[in-house]
Amino acid sequence: MPEITREQVAHLARLSRLALDESELDAMASQLGVILGAVAQISEVTDAADVPPTTHAVPVENVTRPDVVVPSLDRDEVLAGAPAAEDGRFRVPRILDAE
Amino acid sequence: MSTPPGGDLTRLTAAETAEVIASGQASAVEVTRAHLDRIAAVDGAVHAFLHVDEAGAIAQAEAVDAAVADRATTTGALAGVPLALKDVLVTRGVPTTAGSRILEGWIPPYDATVTSRLRAAGLVMIGKTNMDEFAMGSSTEHSAYGPTHNPWDLGRIPGGSGGGSAAAVAAFEAPLAVGTDTGGSIRQPASVTGTVGVKPTYGGVSRYGLVAFSSSLDQAGPCARTVLDAALLHEAMAGHDPLDSTSIDAPVPPVVEAARQADVRGLRIGVVRELAGEGYEQGVQERFDEAVALLQELGATVSEVSCPHFAYALPAYYLIAPSEASSNLARFDSVRYGLRVGDDGGNSLEQVMSLTRAAGFGPEVKRRIILGTFALSSGYYDAYYGQAQKVRTLITRDFTAAFETVDVLVSPASPGVAFPLGAKLDDPLAMYRQDLATIPSNLYGGPAMSLPVGLSEGLPVGLQVMAPTMRDDLLYRVGGALEAALQDRWGGTLLSLAPELPTRQSPAPHPEV
């Protein structure tokens with residue numbers, strides 16, 4: 001059964017930008033261990049066989065459209081749904097860390 | 001046209017409703033008001049809706065009435081019929097939350113293609129239905145806004161993730177609803193509420209404007225009380241859309257014609273050996289076996305078919321879907337829409353993003369994001385995500401081989417009847433097993449339907465029909481024939497056996513129809 005440590009969960013939480021608290025990290029580590037243990041059985045059928053992967057149910061490729069200008073969403077309507085807007089743009093917190 | 005005693009407009013099928021409106025027996029506004037009153041009376045107990053758009057619905061209904069009065073304008077086959085939309089489809093000017101706090105209060109600036117097509121077809125959008133957050137769940141208990149209750153027993157789950165859409169239809173709050181099905185979210189709710197639910201062929205219905213969960217599996221489809229109603233809605237919402245690059249550029253299969261044909265004579269039906277036995281309740285298995293015997297009486301040829309890799313569908317799904325979800329949900333970054341937490345002038349964008357996502361996502365969504373991030377991370381990708389995609393190939397081969405000897409496959413739609421609220425909330429694996437029978441079709445991409453075939457312990461049981469890709473019409477042939485034969489035996493619909501719901505207030509009187 002695959003082990004998943006609390007430190008691994010904390011690392012994955014950082015990668016996925018989730019500020020999990022201590023109790024969430026504990027709960028998640030044990031639940032993920034159980035789930036990964038249950039899904040590991042797929043290697044029973046895939047290890048031996050030389051099987052190509054399927055990424056999409058219906059294979060389609062190179063879907064193109066004419067390169068013409070079409071109306072885009074109304075800027076004010078879009079910004080009205082944003083948590084913060086300023087001067088007709090999305091307002092974001094500072095993007096560089098203090099140090 | 002016959003209307004039920006007392007002229008209760010909420011008890012009509014969608015097909016009958018459209019006829020009543022087109023012939024002038026009732027106006028679209030009267031029909032809409034009747035459903036809004038029904039929602040006001042019972043939705044406090046059921047909680048199928050997250051938002052009811054009363055003003056918008058009345059305005060749409062008035063437009064239909066004007067078109068009916070003006071005989072020069074032709075109206076569609078479902079003009080004036082009330083519709084409930086799962087809250088995962090964006091609606092311009094009407095709140096869309098996907099069942100999450102992170103989108104609370106967001107008003108989308110555009111319509112999903114499904115939304116705009118159904119508006120154009122004259123359907124009256126009365127509201128948005130409850131769901132597990134971002135469609136992750138099998139009970140609606142993972143909605144950030146509280147669970148929906150099963151109209152058959154308010155202490156039980158309505159299925160999920162589209163429990164709100166199924167419950168709205170079962171509780172006569174709307175004759176039609178739209179759901180989405182990534183691993184069974186239309187069919188399992190249909191199964192446990194005694195309604196009809198269809199997952200069309202992947203690519204058959206546009207995903208444009210559908211808040212993405214697992215893009216290679218997500219598919220919107222119809223929820224209804226009859227097979228014909230489901231077909232009418234299927235036809236109205238399906239078809240090629242240039243705004244979705246995975247949309248299939250081919251004619252919509254003749255689903256309405258097939259539902260009316262309702263004939264299984266000469267059809268070869270395969271019972272999937274692996275979707276039975278352990279994990280399936282005895283009462284479910286009994287109703288299923290009776291329905292299969294009935295199909296044989298109706299002239300179908302029934303045989304048992306083995307799909308050996310179906311046993312691996314559930315574990316493969318719980319790697320593929322969370323992987324795609326972890327990527328899709330990266331868009332909830334506290335910048336463009338929804339919630340923002342911790343923007344105090346000191347925190348950086350990255351800190352605000354992490355705090356916002358921690359506050360805005362519920363436990364099941366966090367679990368799947370972490371699981372998906374793990375399955376996609378370097379060193380584990382080949383062992384997990386890569387292997388799961390190989391299983392997908394093996395399952396597709398099982399379907400392809402089966403369809404060389406039979407026309408459709410059947411199984412129970414859900415391993416059990418509706419369970420009590422809270423029963424599986426602390427055991428993610430037990431919850432995931434609800435989708436045992438429905439997931440194979442999502443991985444393969446083919447269409448599948450659940451329709452009611454009886455009761456076990458007083459609760460509905462659903463039968464699933466699975467067909468080859470772009471043969472959605474076969475579902476309706478089987479569904480239509482089975483429904484007609486069962487209703488002959490029951491002397492009416494299964495839903496007519498459901499207990500009366502408690503009403504909060506008596507609805508306003510309506511003009512006689």
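Visitor: Which residue in β9(B) is the bridge partner of Gly270(B)?
Guide: This is a predicted model, in which local features need pLDDT (the predictor's confidence in each residue, from 0 to 100) of at least 70, side-chain atom pairs count only at pLDDT 80 or more, and totals for chains, interfaces and linings use all residues. Strands β7 (268-272) and β9 (408-412) of chain B run parallel and are joined by 3 bridges; strands (E, at least two residues) and helices (H or I, at least four) are DSSP runs numbered from the N terminus. Within β9(B), Gly270(B) has as its bridge partner Leu409(B).

Visitor: Which strands are at the edges of the sheet in chain B?
Guide: Chain B has an open sheet of 11 strands with mixed pairing, in the order β1-β3-β2-β4-β6-β5-β10-β11-β9-β7-β8. Two strands pair if DSSP finds at least two bridges between them. Pairing on one side only marks the edge strands of chain B, β1 (49-52) and β8 (301-305).

Visitor: By how much are neighbouring strands of this sheet turned against each other on average?
Guide: Axes are lines fitted to C-alpha atoms, for helices over the stretch in contact, and angles between N-to-C directions run from 0 to 180 degrees. With direction ignored, the average turn between neighbours in this sheet is 30°.

Visitor: What angle does helix α5 of chain B make with β4(B)?
Guide: Helix α5 (residues 163-170) packs on the sheet, touching β4 (176-180) among other strands of chain B. Contact here needs C-beta atoms, placed from the backbone, within 7 Å. The direction of α5 makes with that of β4(B) an angle of about 165°.

Visitor: Which element gives the most to the side of chain B that touches chain A?
Guide: Residues are numbered from 1 along each chain as its sequence is written, while chains are lettered from A and ligands numbered from 1 in the order in which they are written. The contact takes 58 residues from chain B and 46 from chain A. Elements giving two or more residues on the chain B side include α10 (313-328) and α11 (349-360). With 10 residues, the one that gives the most is α13(B).

Visitor: Which residue of chain A does Ala316(B) touch?
Guide: Not counting residues up to four places away in sequence, Ala316(B) touches Ala388(B), Val391(B), Arg392(B) and Leu443(B) within chain B. On the chain A side, Ala316(B) touches Ile42(A).

Visitor: What are the ipTM and pTM of the model?
Guide: Chain B has a mean pLDDT of 95, with 97% of its residues at 70 or more. For the model, the scores are ipTM 0.94 and pTM 0.96.

Key:
Two residues are in contact if their C-beta atoms, placed from the backbone, lie within 7 Å.
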